[in-house]
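Colleague: Please take me through one part of this chain closely, and tell me how each term is meant as you go. I would like one connected account rather than a list.

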Amino acid sequence: TGTWGIQKMADTQQQRAFQKQEPVNLNTKYLLKSKTSKGTRYYRNIGLGFRTPQEAINGTYIDHKCPFTGNVSIRGRILKGVAISTKMHRTIIIRRDYLHYVKKYNRYEKRHRNIPVHLSPCFKVKEGDIVTVGQCRPLSKLSLIHI
């Protein structure tokens with residue numbers, strides 16, 4: 001159910017390991033459907049009412065943990081939070097505020113959780129932005145949620 005687009009190979013090689021998208025065959029004689037010198041790019045629609053960003057379609061990044069261009073499916077909960085830290089590489093911290101009921105006093109108290117979230121390179125997020133995230137399979141020891 002994926003779709004193919006255009007990709008430039010020279011900009012994607014920034015790590016020591018060769019970076020490539022799994023569904024794209026680099027040894028083919030013809031460039032599937034789009035016959036250009038730039039190559040092909042795999043992307044897909046994740047559903048749930050979210051559109052595929054143009055950066056995922058036209059971009060040159062390689063991210064195996066991206067739900068649009070990689071092998072990760074969004075399932076489970078959809079959450080909202082405020083980005084409070086964007087200092088890590090492809091990971092941000094979001095803060096979720098909620099109210100907890102205290103039965104003895106018949107009142108609510110404020111509580112919060114900080115959640116590490118994988119940030120796909122197709123999004124540009126700054127501290128203070130309100131983000132919508134979706135649950136997926138575990139991506140690392142801490143990151144279980146995807147932006």
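Modeller: What follows is a close look at the strand pairing in this chain and at what lies around it.

This is a predicted model, in which local features need pLDDT of at least 70 and side-chain atom pairs count only at pLDDT 80 or more, while totals for chains, interfaces and linings use all residues. Residues are numbered from 1 along each chain as its sequence is written, and side-chain values use heavy atoms, with hydrogens and water left out.

To place the part within the whole, the chain has one helix and seven strands, where helices (H or I, at least four residues) and strands (E, at least two) are DSSP runs numbered from the N terminus. Along the sequence these elements follow the pattern β-β-α-β-β-β-β-β. Of its 147 residues, 37% count as buried, a word that stands for under 20% relative accessible area, with exposed meaning over 50% and partly exposed in between (1.4 Å probe, protein chains only).

The pairing itself begins with E3 and E4, which run antiparallel and are joined by four bridges; two strands are said to pair if DSSP finds at least two bridges between them. These two strands form a hairpin with two residues between them, and Arg90 in the turn has a positive phi of about 60°. Most residues other than glycine have a negative phi. From E4 the pairing goes on to E5, again antiparallel, through 12 bridges. The hairpin of E4 and E5 has four residues between the strands, and there Asn106 takes a positive phi near 55°. Asn106 lies in the loop between E4 (91–102) and E5 (107–118), and Asn106 counts as exposed because its relative accessible area is 56%.

Ser85 is a useful residue from which to follow the pairing across. Ser85 belongs to strand E3, which covers residues 78–88, and its bridge partner in E4 is Ile93. Ile93 in turn stands opposite Pro116 in E5, and another bridge to E5 sets Thr91 against His118. With a relative accessibility of 17%, Ser85 counts as buried. Leaving out residues up to four places away in sequence, Ser85 touches Ile92, Ile93 and Glu127, a contact being heavy atoms within 4.5 Å.

These strands also supply much of what is packed beside them. The largest nonpolar core has 11 residues, namely Leu79, Ala83, Ile92, Ile94, Ile115, Val117, Leu119, Val125, Val131, Val133 and Ile145. The elements giving two or more residues to this core are E3, E4, E5 and strand E6 (130–135). A nonpolar core here is a set of buried Ala, Val, Leu, Ile, Met, Phe, Trp, Tyr and Cys residues joined through side-chain atoms within 4.5 Å. In soluble globular proteins, nonpolar side chains tend to be buried together. Leu79, one of the core residues, touches Arg96, Val131, Thr132, Val133 and Ile145 when residues up to four places away in sequence are not counted. There is also a second, separate core of 10 residues, which includes Ile46, Tyr61, Cys66 and Cys136.

Around the strands there are aromatic pairs to consider, two in number; rings of Phe, Tyr and Trp (its six-membered ring) pair if their centres lie within 6.5 Å, and planes under 30 degrees apart count as stacked, over 60 as edge-to-face and the rest as tilted. The rings of Phe68 and Phe123 have centres 6.0 Å apart and planes at 65°, so this pair is edge-to-face. Because Phe68 lies in the loop between H1 and E3 and Phe123 in the loop between E5 and E6, the pair ties together parts that are 55 residues apart in sequence. Phe68 is buried, at a relative accessible area of 4%, whereas Phe123, at 28%, is partly exposed.
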